[in-house]
Amino acid sequence: GETIQCLEMEDHYVRVHDAVGSALILMRLTDAIDALGEEAGLRVHRSWWVARDAVTGVVREGRGLRLQLANGRQVPVSQSYRQDVIATFGAPA
């Protein structure tokens, strides 16, 4: 199908989001990230991974950050991944 834009953990499943929809797969998030490869994207939250090519911007939300993706979805960034996100995608506008 389409290019993967992000992965979202749901219990013991991973929801794979692309440009047109999503699918639920029985798999651990860490295994899905390993299968895609380190260069493909970045873990930005305990429950989220984003593809580097899918990020269109960094949005400030109060004291937190969210990543804007090409498919319109906004993904939360946790404090523990904040510095990696800023180093990779830049500071919010």
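**Questions on a predicted model**

Colleague: Start with D31. How does D31 count by relative accessibility?

Modeller: This is a predicted model, and the value is computed from it. D31 has 31% relative accessibility. Buried means under 20% and exposed means over 50%. The value for D31 falls in between, so D31 counts as partly exposed.

Colleague: Which residue meets D31 in a salt bridge?

Modeller: Side chains of opposite charge can pair when their charged atoms come close. The salt bridge of D31 has an N to O distance of 3.0 Å, and the cut-off is 4 Å. The partner counts as exposed, at 55% relative accessibility. That partner is R28.

Colleague: How many salt bridges are there by this rule?

Modeller: One of them joins E10 and R15. Another joins E61 and R66. With the pair of D31 and R28, the count comes to three.

Colleague: How far apart are the closest N and O atoms of E10 and R15?

Modeller: E10 is partly exposed, with a relative accessible area of 27%. R15 is partly exposed too, at 21%. Their side chains form a salt bridge. The closest N and O atoms are apart by 2.7 Å.

Colleague: And how far apart are the closest N and O atoms of E61 and R66?

Modeller: E61 is partly exposed, with a relative accessible area of 47%. E61 forms a salt bridge with R66. The limit for such a pair is 4 Å. Here the distance is 3.6 Å.

Colleague: What about the charges of the whole chain? How far apart do the centres of the positive and negative sets lie?

Modeller: The chain has 10 positive side chains. The negative side chains number 12. Each set has a centre, and the two centres are separated by 9 Å.

Colleague: In what order do the elements of the chain run?

Modeller: There are two helices and eight strands. Read them from the N terminus on. The order is β-β-β-α-β-β-β-β-β-α.

Colleague: How compact is the chain beside a globular protein of that length?

Modeller: The globule rule gives 12 Å for 93 residues. The radius of gyration of the chain is 12 Å, close to that value. So the chain is as compact as a globular protein of that length.

Colleague: What share of the residues counts as buried?

Modeller: The chain has 93 residues. A residue counts as buried under 20% relative accessible area. The buried share is 35%.

Colleague: Is H17 buried or exposed?

Modeller: H17 sits in strand 2, residues 13-17. Leaving out residues up to four places away in sequence, H17 touches T3, I4, Q5, C6, E8, S22, W48, N71 and R73. Its relative accessibility is 2%, and the limit is 20%. So H17 counts as buried.

Colleague: Which residue other than glycine has a phi near 55 degrees?

Modeller: Look in the loop between strand 1 (6-10) and strand 2. The residue is exposed, with a relative accessible area of 72%. Its phi is positive. The residue is D11.

Colleague: How far apart in space are A87 and W48?

Modeller: A87 belongs to helix 2, residues 82-89. A87 counts as exposed, at 70% relative accessibility. W48 is 39 residues away from A87 in sequence. From C-alpha to C-alpha, the distance is 18 Å.

Key
Residues are numbered from 1 along each chain as its sequence is written. This is a predicted model: local features need pLDDT of at least 70, side-chain atom pairs count only at pLDDT 80 or more; totals for chains, interfaces and linings use all residues. Side-chain values use heavy atoms; hydrogens and water are left out. Helices (H or I, at least four residues) and strands (E, at least two) are DSSP runs, numbered from the N terminus. The radius of gyration is taken over C-alpha atoms; the globule rule is 2.2 Å times the number of residues to the power 0.38. Buried means under 20% relative accessible area, exposed over 50%, partly exposed in between (1.4 Å probe, protein chains only). Lys and Arg count as positive and Asp and Glu as negative; His and the chain ends are not counted. The place of a charge is taken as NZ of Lys, CZ of Arg, CG of Asp or CD of Glu. Contact means heavy atoms within 4.5 Å.
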